[in-house]
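This report walks through one protein model, beginning with a cluster of charged side chains and then turning to a strand and its neighbours before closing with the chain as a whole.

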Amino acid sequence: MPTSPDARERIRSRLLPTEDAAELAAHGSTRAAVLVPLVELDGRIHVVLTRRRSDMRRHAGEISFPGGRSDPEDASPTATALREAHEEVGLPPENVEILGALSPVGTFVTGFAVYPVVGWVDHPGEWQLSPREVDVVLELELGALRAGYERRRLVRRGVPFTTDAYVVDDHVVWGATGRMLTDLFERLPPELVPGAPATTG
């Protein structure tokens, strides 16, 4: 289903205004922001994620949206998200149309209050990965992600636990990024996500 300006406006209407979302509280003492990049490939909407390098001190090998800690000079979560996406994957800010925001998410272990900003992306053609942080860029189709939802048992630092996850091939998205995806799926018009249940009202 190819998207159109009208479809983009339908997505925008279901998101939070970025200014309002920036005022919401989330558990965590350190503010951060991520870009949730939506891009149309082969007539379907994909989301762009990154897999962190396996030798990173924190969240090694995990899948997340491009983003990071807010700098003092960042005027807003949107500014942070665009700056970080440019640094991590080489996405020019002018290639991003900001559609709105999701609810902020707190990370209980690392203490970040993360503000997700949703943007429609004009694909740059080639991603420029930060060699210090990013192992690979993933372009995962939203319908496949949604269909891949499951409760999965994971082990981190020797501690087993069961969590919500979205699985596509061997890619497992969980944690704060998984919670952001759940929020995104609940907001997106179902006709734009293949396989999504119809809603009423």
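## A charged cluster around R83

In this predicted model, R83 forms a salt bridge with D74, and the closest N and O atoms of the pair lie 2.8 Å apart. D74 has a relative accessibility of 15%, and because buried means under 20%, this residue counts as buried. R83 itself, at 19% relative accessibility, also counts as buried, although its value lies just under the 20% cut-off.

R83 has further acidic partners. Its side chain meets that of E84 in a salt bridge with an N to O distance of 3.2 Å, and E84 is buried, with a relative accessible area of 8%. Salt bridges that share partners join D71, D74, R83, E84 and E87 into one network.

The side chains of R83 and D71 likewise meet in a salt bridge, at 3.5 Å from N to O. This pair links distant parts of the chain, since R83 belongs to helix 3 (residues 77-89) while D71 sits in the loop between strand 4 (67-69) and helix 3, the two residues being 12 apart. With a relative accessibility of 27%, D71 counts as partly exposed. For the structure as a whole, the number of salt bridges is 14.

## Strand 2 and its partners

Which strands pair with strand 2, and in what sense do they run? Strand 1 (residues 30-41) pairs with strand 2 in the antiparallel sense over 4 bridges, and within this pairing V39 stands opposite H46 of strand 2. The two strands form a hairpin with 2 residues between them, and in that turn D42 has a positive phi of about 55 degrees.

Strand 8 (residues 134-141) runs antiparallel to strand 2 and is joined to it by 7 bridges; here the bridge partner of V47 is L140 in strand 8. Strand 3 (residues 63-64) is also antiparallel to strand 2, with 2 bridges joining them, and R51 stands opposite I63 of strand 3. Strand 2 itself, which covers residues 44-52, is mostly covered, in that 7 of its 9 residues are buried.

## The chain as a whole

The protein chain has 5 helices and 11 strands. Along its principal axes, the C-alpha trace spans about 45 × 40 × 35 Å. How does the radius of gyration of the protein chain compare with that of a compact globule? A compact globule of 201 residues would have a radius of gyration near 17 Å, and the protein chain has 16 Å, so the two values agree.

Buried residues make up 52% of the 201 residues in the protein chain. Among contacts with a separation of 6 or more, 65% are accounted for by residues that stand 24 or more positions apart. The accessible surface of the protein chain comes to about 10200 Å², and carbon and sulfur atoms account for 49% of that area.

Conventions:
Residues are numbered from 1 along each chain as its sequence is written. This is a predicted model: local features need pLDDT of at least 70, side-chain atom pairs count only at pLDDT 80 or more; totals for chains, interfaces and linings use all residues. Side-chain values use heavy atoms; hydrogens and water are left out. Buried means under 20% relative accessible area, exposed over 50%, partly exposed in between (1.4 Å probe, protein chains only). Two strands pair if DSSP finds at least two bridges between them. A salt bridge is a side-chain nitrogen of Lys or Arg within 4 Å of a carboxyl oxygen of Asp or Glu. The radius of gyration is taken over C-alpha atoms; the globule rule is 2.2 Å times the number of residues to the power 0.38. Contact means heavy atoms within 4.5 Å. Accessible areas come from the Shrake-Rupley method with a 1.4 Å probe; for residues, only the protein chains shown count as cover.
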